[in-house]
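Good morning. Please have the sequence and the 3D view open, and find each residue as I name it.

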Amino acid sequence: MAKLASSCQLAAAAAFAVLLILALAVVPSLAGDPDMLQDICVADYKSLQGPLRLNGFPCKRPENVTANDFFSNVLARPGNTGNAVGSAVTAANVEALPGLNTLGVSLARIDFAPWGVNPPHTHPRATEAIFVLEGSLDVGFLTTANTLYARTVCKGDVFVFPRGLVHFQRNNGNAPAAVISAFNSQLQGTQGVAETLFGASPPVPTDVLARAFQIDGGLVEAIKSKFPPPKY
């Protein structure tokens, strides 16, 4: 019986090892960005002034790379939350930190005024994990089956928003709050639900939105007026 138990334990351990190896083999294919093909590929912003366009950024020549290409203190300062939604997102992605190019990760800081909201939005290229620096937040995401997964998170807590799903955060207190967000993409993309539908350029037809939301066209136009189209 002892030998049988020992054999079962060894078999279970072997099976676990195989599963672990398979999981590690699959993980890279599920990453938000393609795998890097060299040690470093610091983004060369100047190259984009020419006709060349790539999926990402071209690399600086190695002799032009410095330690500062891998450094940023942009997340050290709270963002300005004096706006209509009462929140501010400060990004530390490849557009602000060139050393992140091809590394498949980025960060952001989200600051909230009392009762401030980070409105419903999606990140089409990344899963997001938040770490609460200060305060208490109500957070949640919606699945494609319209199921809401929501709870309250406090200082020191972590919450994950799956890639591509609509999600939100709201400060539920009278004091400021802040979180650090981590993404498995160098440039996760952010698509706000309201801005996308009511602030598109050219605009989404009013009758389409009126039927979708089952409201009259006048109300659609009133909402559109609060979301001016982006200027390029």
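I will go through the disulfide, then some strand pairing, then a few residues in and around the strands.

Keep in mind that this is a predicted model.

Start with the cysteines. How many disulfides does a search of the whole structure find? The search finds one. The partners are Cys-41 and Cys-59, and their sulfur atoms are 1.8 Å apart. Both cysteines lie in the loop between helix 1, residues 2-30, and strand 1, residues 87-92, so the disulfide ties together parts that are 18 residues apart in sequence. Is the disulfide left-handed or right-handed? The torsion about the S-S bond is about -95°, so it is left-handed.

Now look at how open the cysteines are. Cys-41 has a relative accessibility of 5%, so it counts as buried, because the cut-off for buried is under 20%. Its partner Cys-59 has a relative accessible area of 36%, so Cys-59 is partly exposed. Cys-154 also has a value of 36% and counts as partly exposed.

Next, strand 3, which covers residues 117-122. Strand 3 pairs with strand 8, residues 167-171, in the antiparallel sense, over three bridges. Within strand 8, the residue opposite His-121 is His-167. Strand 3 also pairs with strand 10, residues 191-192, again antiparallel, this time over two bridges. There, Thr-122 has Gln-191 of strand 10 as its bridge partner. As background, side chains in a regular strand alternate between the two faces of the sheet.

Stay with strand 3 for the annotation. Which residues does UniProt mark as "binding site"? The record, an unreviewed entry, places that feature at Asn-118, His-123 and Glu-128. I will take two of these in turn.

Asn-118 sits in strand 3. Its relative accessible area is 9%, so Asn-118 is buried. The side chain of Asn-118 makes a polar contact of 2.7 Å with the side chain of Gln-169. Gln-169 is also among the residues that Asn-118 touches once those up to four places away in sequence are set aside; the others are Ser-87, Val-89, Ile-110, Phe-112 and Phe-168.

His-123 comes after that, in the loop between strand 3 and strand 4, residues 128-134. Is His-123 buried or exposed? With a relative accessible area of 4%, His-123 is buried. The side chains of His-123 and His-121 are joined by a polar contact of 3.4 Å. Leaving aside neighbours within four places in sequence, the contacts of His-123 include Glu-128, another residue with the "binding site" feature in the record. The contacts of His-123 also include His-167, and His-167 is the residue that stands opposite His-121.

The last residue is Asp-138, in strand 5, residues 136-142. Asp-138 has a relative accessibility of 17%, so Asp-138 counts as buried. Which side chains make polar contacts with the side chain of Asp-138? One is that of Thr-152, at 2.8 Å. Another is that of Asn-172, at 3.0 Å. Apart from neighbours within four places in sequence, Asp-138 is in contact with Arg-151, Thr-152, Phe-168, Gln-169, Arg-170 and Asn-172. Phe-168 and Gln-169 appear in the contacts of Asn-118 as well.

To recap, we have seen the disulfide of Cys-41 and Cys-59, the pairing of strand 3 with strand 8 and with strand 10, and the surroundings of Asn-118, His-123 and Asp-138.

Definitions and conventions: Residues numbered from 1 in each chain as written. Predicted model: local features only at pLDDT ≥ 70, side-chain atom pairs only at ≥ 80, totals over all residues. Heavy atoms only, no water. Disulfide = S-S within 2.5 Å. Helix = DSSP H or I, 4+ residues; strand = E, 2+ residues; numbered from the N terminus. Buried < 20%, exposed > 50% of the residue type's maximum accessible area, 1.4 Å probe, protein only. Pairing = 2+ DSSP bridges. Polar contact = N/O pair within 3.5 Å; in protein donor to acceptor, adjacent residues only side chain to side chain. Contact = heavy atoms within 4.5 Å. UniProt positions renumbered as here; feature names shortened; annotations may be inferred.
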